[in-house]
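The following paragraphs lead through one structure, starting from a single residue and moving outward to its surroundings. Please keep the model in view while reading.

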Amino acid sequence: MLIIRILSASIRRKTSTVSDMKCVARFTIGEATDETQISKDTKESPPVWKDVFRMYVIGSSMTGKLQVFDVGISGDTLVGECEVDIKELMNEPVGKEHSTEIMFQDSIAGTVKFIAAYANLEQVGVENRQRII
């Protein structure tokens with residue numbers, strides 16, 4: 001099981017000039033997608049989230065996709081996206097903070113910070129599973 005907490009984003013690509021952006025972050029592994037709550041981005045503060053995703057890594061799903069969208073009345077507008085190497089996250093220390101650039105077309109759209117932890121539930125004793133999750 002991969003546990004991800006998306007912390008914040010520093011957005012360079014502004015998709016709205018009329019009002020503050022309202023952003024969500026989406027993380028996809030294979031067919032599974034999870035999404036944060038809407039975070040209001042103001043000129044003074046970037047989007048911040050507290051959501052925790054718990055996703056199963058099955059088979060060859062070794063690449064995840066992290067996307068940030070501006071949520072609007074007429075639909076969601078992609079701010080930027082990147083691929084995340086799941087295999088690399090599986091070998092990192094629990095709770096390590098990651099910072100990755102998101103791209104839109106061939107330009108850097110911003111940076112997203114997140115924390116990830118991997119737990120092989122088959123190898124973890126029943127008494128320790130609740131501590132991980």
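In this predicted model, Gln67 is part of strand S6. The residue counts as buried because its relative accessible area is 13%, which falls under the 20% cut-off. Once neighbours within four places in sequence are set aside, Gln67 is in contact with Val24, Ala25, Arg26, Leu78, Gly80 and Glu81. With Glu81, the side chain of Gln67 forms a polar contact of 2.8 Å.

The strand that carries Gln67 may now be considered as a whole. Strand S6 spans residues 63-72 and pairs with strand S7, residues 75-85, in the antiparallel sense, over 10 bridges. The connection from S6 to S7 is a hairpin of 2 residues. Within this pairing, Val68 stands opposite Gly80 of S7; Gly80 is also among the contacts of Gln67.

Arg26, another contact of Gln67, also lies over the face of Phe69, at 4.0 Å from the ring centre. A second arrangement of this kind involves Arg13, which is placed over the face of Phe104 at 3.5 Å from the ring centre. As for pairs between aromatic rings, the count is 0.

The cysteines deserve a separate remark. Cys23 is buried, because its relative accessible area is 0%. Cys82 is likewise classed as buried, on account of a relative accessible area of 11%. A disulfide is a covalent bond that links the sulfur atoms of two cysteines. The model contains 0 disulfides, the criterion being cysteine sulfur atoms within 2.5 Å.

Methods
Residues numbered from 1 in each chain as written. Predicted model: local features only at pLDDT ≥ 70, side-chain atom pairs only at ≥ 80, totals over all residues. Heavy atoms only, no water. Phe/Tyr/Trp six-rings, centres within 6.5 Å; stacked < 30°, edge-to-face > 60°. Lys NZ or Arg CZ within 6 Å of the ring centre and 35° of its normal. Pairing = 2+ DSSP bridges. Helix = DSSP H or I, 4+ residues; strand = E, 2+ residues; numbered from the N terminus. Buried < 20%, exposed > 50% of the residue type's maximum accessible area, 1.4 Å probe, protein only. Polar contact = N/O pair within 3.5 Å; in protein donor to acceptor, adjacent residues only side chain to side chain. Contact = heavy atoms within 4.5 Å.
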